[in-house]
2 protein chains.
Amino acid sequence: MRLPLLVAVCCTVWAFAVRPHCAEAKARHFKWEVSNMFWSPDCEEKVLIGINGQFPGPTIRARAGDTIHVELKNALHTEGVVIHWHGIRQIGTPWADGTAAISQCAINPEETFTYRFVVDKPGTYFYHGHYGMQRAAGLYGSLIVDVAEGEEEPFKYDGELNLLLSDWYHESIHTQMVSLSSKPFRWIGEPQSLLINGRGQFNCSLAAAHTQGAKQCGAVNRQCAPVVLPVQPNKTYRLRVASTTSLASLNLAVGNHKLTVVEADGNYVDPFVVDDIDIYSGDSYSVLLTTNQDPSSNYWVSVGVRGRQPKTPPALAVLNYRPNRASKLPSLAPPVTPAWNDYAHSKNFTYRIRARAGTPPPPATADRRIELLNTQNKMDGHIKWSINNVSMVLPATPYLGSLKLGLKSTLTAARPAETFSRAYDVTRPPANPNTTTGDNVYVLRHNTTVDVVLQNANALARDVSEVHPWHLHGHDFWVLGYGDGAYRGDAADVARLNLRDPPLRNTAVIFPYGWTVLRFVADNPGVWAFHCHIEPHLHMGMGVIFAEAVDRVGKVPKEAVSCGATANALMAGDHL
Amino acid sequence: MRLPLLVAVCCTVWAFAVRPHCAEAKARHFKWEVSNMFWSPDCEEKVLIGINGQFPGPTIRARAGDTIHVELKNALHTEGVVIHWHGIRQIGTPWADGTAAISQCAINPEETFTYRFVVDKPGTYFYHGHYGMQRAAGLYGSLIVDVAEGEEEPFKYDGELNLLLSDWYHESIHTQMVSLSSKPFRWIGEPQSLLINGRGQFNCSLAAAHTQGAKQCGAVNRQCAPVVLPVQPNKTYRLRVASTTSLASLNLAVGNHKLTVVEADGNYVDPFVVDDIDIYSGDSYSVLLTTNQDPSSNYWVSVGVRGRQPKTPPALAVLNYRPNRASKLPSLAPPVTPAWNDYAHSKNFTYRIRARAGTPPPPATADRRIELLNTQNKMDGHIKWSINNVSMVLPATPYLGSLKLGLKSTLTAARPAETFSRAYDVTRPPANPNTTTGDNVYVLRHNTTVDVVLQNANALARDVSEVHPWHLHGHDFWVLGYGDGAYRGDAADVARLNLRDPPLRNTAVIFPYGWTVLRFVADNPGVWAFHCHIEPHLHMGMGVIFAEAVDRVGKVPKEAVSCGATANALMAGDHL
């Protein structure tokens, strides 16, 4: 079953073979050059990865149904690069998903690769590097899709503000990757700063007057200047908020203002009102905010850390009620982020997210259930994250090409486990911490409905279980339910599942010691990553691969597979 | 004309198609994995590139005529890699020369590439990364070729000591590359340390007692422990010395000991005795040292900086006369490095290097003369080094494959200049500092004799002209002569050329404001880099390419050209 679009657009473009049926859909062309550059995201100068000399990268703005063409030149010196269009399902264009070693070969230095894909659905998205830990090096930007010409969003607002959230380490990603791969293991620690639209302030606070012991930021340069959000009083604004953090789970609040959640991950949700929202890495939301407070004052937007002991100070932006000066400091202190371990608060927020009326319901039953136990393990002295005791290692040759060409040698014969022992005690460190590495490729049949049970567990240290936001490429899924402890699949667990109005998303969290059940329809042939969106966790193996009806994938552009075993096969005369 | 080997070996292997004719030549197999790792070369921990967990990489030891097989796995996370076998001519195997974008595609992460080549000539060589500035990240090691079984060196010695010299920066090469490419330009400064066999001591001296203001090194870890060279009294040792520095020109002396120079770059030279030797990046020497000093003492081996104001302290090693303890500090102070700008001293040493009797003389005349003016220039605000006003930029697709396949689109049509204006004033900054970038490919006809005039000049700043050691791949050349000022090619200049006993080398220096004339025979089909061996200078464009009788190159292994335009052509059915 192909998911119907939530809002009927005047035309749909599923593949390049199918031409848009109406004049409104546009081709939007971008020419990008990715390079290392000096930048001071939090006023400390470091080297990061920028696009066209900008950080974050340029914002892509399009309308539903448009085709995006990004001609990407890799101007890094010795590193490959790819860009993933997070939340875009790439219907019919799996080779444009931008996952190195999965959907395409990394683009070599000095090479240009053109991403062409349709943004079929309005919403708040972003893009980012998906090779090594390049996302954490600053390779990201916003991708915003408006409703098609002549269509309307199902809610009203007067203006729009965009907040792309991230975290920032002073150590280079090269050192971070070596640390995480080292024996003995070296943890990279917490990020030095949180960034809003690529800007933060290290070692000082914009609101020091309200924060004990904090140093007031002095004059800072443009690259780390406070983010100012200009608003008019008594209007309603749509705040688009997305998180591309490497590690941090976040919470956002705006002093004295309520937030009405209306969109999650490019899908409309049943509106609900909150004081603050949790945002995990990979999430995006739209919230409506009405400027109904004392207009003589400005207000703080505060972004703080959840789920880990916060060693990173909050990021602040100024909600600037015009005509106040932007530099006028808010009279109120910034909102205080809920306690990092107040999971009741987090669950309360997450559980409130329901699909908006009109969202297609999930199929009533699934054809297959894949249960994925998330554990932290050891392998030969290295620390890994494992799924059903296999830690994902990506191959030299991307799956999409090698599976399409039937190069069996590129895959290990063993199929990964569909489930794990019911006897596994999720409340304790693994009794046998040893893990293996593997391909972790799950082969999915076309148009089958798949349930995924994500089971969290205790890490290697006692009494530690972390939040993991899992992100699925190529699809949205329905989040059927959450629970604490081990999922048994019994009547009580099944009773917790919501088949009536589960939200459609592309990222869903598992809470500590808890489980989450997702359902999706394998209706988009391709090879798709499904992984924890925390960059160091993915680096340490926390993911699986879904190889979905690869025989139905259309002709893969050669440029996408011009490396490794697929290049060899094609040079020997094989055909895609 | 193919160069005869200096010492007749029992068999020669020019290409894989030709089997060795005798039993003595061996295939030597190595399995290497290149990865980033933490290491403390000068007692400060940084991330470098190691091989099999070692730094420097493993020493290759072979006999003349042997075939080396290095199965190289790239275990870097997102960077390609290649390894160049410096001084090995790669007769018949140009695809094994290990120059990214020239002789082969960079090896992608997780991929394995096998280098197979014959070490046809005994001598002191080394290997190193040749992609971006990876050499400066520590990717190097020694390659020592003994005479063939049953043959003898033309000089006697009782033992052998190996010294691989390098310099070391604390800043990562990624930051260095961004700095050098930045606008405004950011110079990377002088290296923090000099290393001997990968070991140095930052911020302290092994011989502090003799050095005013220096701090004595305390206990240091194994990775940066002093290098100890154990010797017996009254014996003769062969010191093999090679320099793979990124920037520094070096001078080596051993307290109270004379040095007899016998080999340079894998070629025997007419022996001469000196107190110290200059070694430029890319050079290798063998010197004989007789342990004829007071045997109750140890002696310092000292390596200091030449040619630039030395901000990097000397590296020291201990010549340990057994049975003295290695830890017994020498009673004499370390030898003092000659003044950095005492070019008379440098020239005196360099000019004394003559070929040993029996070395083949150069052809009496050349078929072609290529004059290369070395200048520092500006391009769009970036600082570049240029040759005849073109700064080298390497293409996405390596030349060897694209020229072999005749993919003209990969080369600009313009041929680089063979000479430069006689009116150019080498004593002043360039009147017009603007440069362009280009391919700088010189096409050489098979078996022609080529003279190269390297002409140094003033840099951008007034009264600055630097030393540049130029290294030629795929050949040795005869160094016909050196001179000061502009080469005019007139009778006086020609009179300075030595056609009687010029040394054969693969690296030759141009002195400030001076010229150097080289001659070589284009008898080795392939595509060969010719460039300044100073890593930041090469990064800034200081090199040219010789495309030599590419139609005569044997079948290039597909693995070497499986990228870019060559991969596209081969996938479309073209044949190599």
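**Reasoning from values to terms**

Student: Which residues does B:Glu418 touch, leaving aside those up to four places away in sequence?

Tutor: In this predicted model, B:Glu418 touches B:Arg368, B:Arg369, B:Ile370, B:Glu371, B:Asn388 and B:Tyr442, where a contact stands for heavy atoms within 4.5 Å. B:Glu418 itself lies in the loop between α3 (399-404) and β23 (436-438) of chain B, and its C-alpha atom is separated by 9.8 Å from that of B:Leu373, although the two residues are 45 residues apart along the chain.

Student: Why is B:Glu418 called partly exposed?

Tutor: Its relative accessible area is 30%, and since buried means under 20% and exposed means over 50%, B:Glu418 falls in between and is therefore partly exposed.

Student: What makes B:Asn389 and B:Tyr513 notable in their backbone angles, and how do you know whether they are buried or exposed?

Tutor: B:Asn389 has a positive phi of about 70 degrees although it is not a glycine, and B:Tyr513, also not a glycine, has a positive phi of about 60 degrees. B:Asn389 lies in the loop between β21 (382-387) and β22 (390-392) of chain B, whereas B:Tyr513 lies in the loop between β29 (507-510) and β30 (514-521) of that chain. With relative accessible areas of 32% for B:Asn389 and 23% for B:Tyr513, each value sits between the cut-offs of 20% and 50%, so B:Asn389 is partly exposed and B:Tyr513 is partly exposed.

Student: Why is helix α1 (residues 173-181) of chain A described as largely enclosed by the rest of the structure?

Tutor: Eight of its nine residues are buried, so α1(A) is largely enclosed. The buried residues are A:Ile173, A:His174, A:Thr175, A:Gln176, A:Met177, A:Val178, A:Ser179 and A:Leu180. What covers them includes β21 (382-387) and α5 (535-539) of chain A, together with β1 (27-39), β2 (46-51) and α1 (173-181) of chain B.

Student: How do you know that the buried residues of helix α2 (residues 343-351) of chain A line one face of the helix?

Tutor: The buried residues of α2(A) are A:Tyr343, A:Ser346, A:Lys347, A:Phe349 and A:Thr350. Seen down the helix axis, they fall within an arc of 160 degrees, so they line one face of α2(A). In helix α2 (residues 343-351) of chain B, the buried residues are B:Tyr343, B:Ser346, B:Lys347, B:Phe349 and B:Thr350. These cover an arc of only 160 degrees around the axis, which puts them on the same side of α2(B).

Student: Why are α6(A) and α6(B) called oblique to each other?

Tutor: Helix α6 (residues 564-571) of chain A and helix α6 (residues 564-571) of chain B pack at an angle of about 45 degrees, with their axes 7 Å apart. Angles under 35 degrees would count as roughly parallel, and 65 to 115 as roughly perpendicular, so an angle of about 45 degrees belongs to neither range and the pair is oblique. The crossing of α6(A) past α6(B) is left-handed, and A:Ala567, A:Leu570 and A:Met571 meet B:Ala567, B:Leu570 and B:Met571 there.

Student: Which peptide bonds are cis, such as the one that joins B:Phe55 and B:Pro56, and where are the prolines found?

Tutor: Among them is the bond between B:Phe55 and B:Pro56, with omega about -10 degrees, and B:Pro56 is found in the loop between β2 and β3 (60-63) of chain B. Another cis bond joins B:Lys183 and B:Pro184, with omega about -5 degrees, and B:Pro184 lies in the loop between α1 and β10 (193-196) of chain B.

Technical notes: Residues are numbered from 1 along each chain as its sequence is written. Chains are lettered from A and ligands numbered from 1 in the order in which they are written. This is a predicted model: local features need pLDDT of at least 70, side-chain atom pairs count only at pLDDT 80 or more; totals for chains, interfaces and linings use all residues. Side-chain values use heavy atoms; hydrogens and water are left out. Buried means under 20% relative accessible area, exposed over 50%, partly exposed in between (1.4 Å probe, protein chains only). Helices (H or I, at least four residues) and strands (E, at least two) are DSSP runs, numbered from the N terminus. The arc is that of the directions from the helix axis to the C-beta atoms. Axes are lines fitted to C-alpha atoms, for helices over the stretch in contact, and angles run from 0 to 180 degrees between N-to-C directions. Angles under 35 degrees count as roughly parallel, over 145 as roughly antiparallel, 65 to 115 as roughly perpendicular and the rest as oblique. A crossing is left-handed if the near helix is turned anticlockwise from the far one by less than a right angle, and right-handed if clockwise.
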